Amino acid sequence: MSIDVQAILAANGIAAVTTQSGTLPVFTPITGACIASLDVASAADTEQAVARSLQAFLLWRQVPAPQRGELVRLLGEELRASKEALGRLVSLENGKILQEGWGEVQEMIDICDFAVGLSRQLYGLTIASERPQHRMMESWHPLGPCLVVTAFNFPVAVWAWNATLALVCGDAVIWKPSEKTPLTALAVQVIFERACQRFGKAPAHLNQVVIGDRERGEQLVKDERIALISATGSTRMGREIASLAAPRFARTILELGGNNAGIVCPSADLDLVVRAVAFAAMGTAGQRCTSLRRLIVHSAIYAPVVAAIKRVFQQVRIGNPLDQNNMIGPLIDKAAFDAMAAALDAAVLDGAQVVGGERLVGTEDGAYYVRPALVEMPAQTAIVRQETFAPILYVLQYQTLEQAIALNNDVPQGLSSSIFTSDMREAEWFVSALGSDCGIANVNIGPSGAEIGGAFGGEKDTGGGRESGSDAWKAYMRRATNTINYGRDLPLAQGITFSL
């Protein structure tokens, strides 16, 4: 299947970037071919971007929140009009199948809708005062320029989770995309500028894209004018960002590693289990932070569950993600394939039985299409406790629910988890304080994927941050507690007297 790269870039308004001859090559994982070479930001360019962001913030914070929501509403409209083209670009640059590329853009549209409503709901509290003729209240104010660092696996949706909330909260945004997926960021910037033009009142440089490497990222993280750093990526990256941000007490939202489990109980609907596991383990070629990586199955049903999943793994259609007949696209690059191969080798040394995991023949030399691997493990060894960003599903047995929950929790990461059961007690136990220790705990659906209405994030090595829905907006604002004395006396708190 031939790929008209120029047509996809032109449809997204970024055909001109292919004429650049910069130092950052951009590859499509579909074939491994270089499709652009981009100019990167210098230290001076990055400094200028922060200065511009601060000026944009000082103006934007004065705009009433419902008016800020109107800009985000227009952004949603522009994304609706661009969904087909942008989703195709996501697939070209990231390698996920078209349905997932379009689904990612739909997430952007959904969070725009959420943020528009939020722009009229940035509520504080009225608090009872212990002093007569006093009122206490809580106010929320715009925070400042926000840095959003995104990963290759969701190159546009994660920006939207952060940027739409930051914008309605009155903040300006600087976007540092993954070096592996910068084209999608440039395309979204074109869409955002169209929305700003229609809005007519947005300050210049309200959202900026900074293309660059780790050095540019460090420069942005260290800059004291950046009020919030929201970063999605590996646990290693998160630790480095946290250590750079801590000396200046910068606020961070860290969305890091995931090593997500699914527990299959004897009462589970096995047809539902197979369908849920198939998407959660294989979707995006196992390169979601919420991908299912560990399946913990009760010994009484272990054999039929494993047999059914093996059949699915062997039959799934793998190939060019722009062909809608295929269900799995390629890994992002050779490094991802090498990490997968090394993990499987380590599992075999631990006594695993492996089905799948091989690189498919007949594909492009520079592309890495692989068969998903089902790995039956005798125990939860070190390699199982390590996150490998690839379609590897480790399978373990358990005897009691307590054992299953202990296995679920016995990893450094704490992002997402799930249980499959028809027993109400098991379901309630799993989502209770005695159950999963993850930020997301699901019943009868897999751990992969999340609706924008809920706060997204996890615990432990996942970083502890929350993005998207619920009250995640509070991270993008500063809180002030106000006490107002509308009387003529001056009573002091705690009954203190101080006579003059």
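These notebook entries record what I looked up on pockets, cavities and helix packing in a predicted model.

**Entry 1. Largest pocket**

I began with the open spaces. The largest pocket has a volume of about 1000 Å³. I listed its lining and found 38 residues, with Thr-232, Gly-233, Ser-234, Arg-236 and Met-237 the closest to the centre of the pocket.

I then asked which helices each supply at least two residues of this lining. They are helix 7 (214-222), helix 8 (235-245) and helix 11 (334-349). Helix 8 provides the largest share, six residues.

I sorted the lining of the largest pocket by class and obtained 15 nonpolar, twelve polar and eleven charged residues.

**Entry 2. Second largest pocket**

I turned next to the second largest pocket, for which the volume is about 430 Å³. Its lining holds 21 residues, and those nearest the centre are Leu-186, Gln-208, Val-209, Val-210 and Ile-211. Two or more lining residues come from each of helix 2 (43-60), helix 6 (182-199) and strand 7 (207-209).

Which element gives the most to this lining? I noted helix 2, with five residues. The class division for the second largest pocket is ten nonpolar, seven polar and four charged residues.

**Entry 3. Enclosed space**

I then looked for cavities. A probe the size of a water molecule, rolled over the atoms, shows where empty space remains. The count is two cavities of 30 Å³ or more.

The largest cavity contains about 170 Å³ of space. I recorded 16 lining residues for this cavity, of which Phe-154, Val-158, Trp-161, Cys-289 and Phe-456 are nearest its centre. Eight of the lining residues are nonpolar, four are polar and four are charged.

The second largest cavity holds about 30 Å³. I noted its lining in full: Asn-259, Asn-260, Ala-261, Arg-294, Asn-408, Val-411, Gln-413, Gly-414, Leu-415, Ser-416, Ser-417 and Cys-438. Strand 10 (260-264), strand 15 (413-414) and strand 16 (416-420) each contribute at least two of the lining residues. By class I have four nonpolar, seven polar and one charged for this lining.

**Entry 4. Helix 7 and helix 8**

I moved on to helix packing. The description of two packed helices rests on the angle between their axes and the distance between those axes.

I chose helix 7 and helix 8 to begin with, as both supply residues to the lining of the largest pocket. Their axes lie 9 Å apart, and the packing angle is about 40°. The two helices are therefore oblique to each other. I recorded the crossing of helix 7 past helix 8 as right-handed.

Which residues of helix 7 meet helix 8? They are Arg-214, Glu-218, Val-221 and Lys-222, and their partners in helix 8 are Arg-236, Glu-240, Ile-241, Leu-244 and Ala-245. This contact divides into four nonpolar, no polar and five charged residues. I marked Arg-236 as an entry in two lists: Arg-236 takes part in the contact with helix 7, and Arg-236 is one of the residues closest to the centre of the largest pocket.

**Entry 5. Helix 13 and helix 14**

I looked up helix 13 (residues 401-409) against helix 14 (residues 424-431), with axes that come within 11 Å and cross at roughly 30°. Angles under 35 degrees count as roughly parallel, and helix 13 and helix 14 are therefore roughly parallel to each other. Their crossing is right-handed.

On the helix 13 side I found Leu-401, Ile-405 and Asn-408, which meet Glu-426, Trp-429 and Phe-430 of helix 14. The contact has four nonpolar, one polar and one charged residues. Asn-408 also appears in the lining of the second largest cavity.

**Entry 6. Helix 3 and helix 5**

I closed with helix 3 (residues 65-94) and helix 5 (residues 157-168), which pack at about 150° with their axes 8 Å apart. What does this angle make of helix 3 relative to helix 5? Angles over 145 degrees count as roughly antiparallel, so helix 3 is roughly antiparallel to helix 5.

Helix 3 makes the contact through Ala-65, Arg-68, Gly-69, Val-72 and Leu-75, and helix 5 through Trp-159, Thr-164, Leu-167 and Val-168. I sorted these residues into six nonpolar, two polar and one charged.

Key
Residues are numbered from 1 along each chain as its sequence is written. This is a predicted model: local features need pLDDT of at least 70, side-chain atom pairs count only at pLDDT 80 or more; totals for chains, interfaces and linings use all residues. Side-chain values use heavy atoms; hydrogens and water are left out. On a 1 Å grid over the protein atoms alone, a cavity is a set of points where a 1.4 Å probe fits but cannot get out, and a pocket is an open set with protein on both sides within 12 Å along at least five of seven lines; lining residues have an atom within 4 Å of a point. Grid points are joined across faces, edges and corners, and a volume is the space filled by probe spheres set on the points. Helices (H or I, at least four residues) and strands (E, at least two) are DSSP runs, numbered from the N terminus. Ala, Val, Leu, Ile, Met, Phe, Trp, Tyr, Cys and Pro count as nonpolar, Asp, Glu, Lys and Arg as charged, and the others, Gly among them, as polar. Axes are lines fitted to C-alpha atoms, for helices over the stretch in contact, and angles run from 0 to 180 degrees between N-to-C directions. Angles under 35 degrees count as roughly parallel, over 145 as roughly antiparallel, 65 to 115 as roughly perpendicular and the rest as oblique. A crossing is left-handed if the near helix is turned anticlockwise from the far one by less than a right angle, and right-handed if clockwise. Contact means heavy atoms within 4.5 Å.
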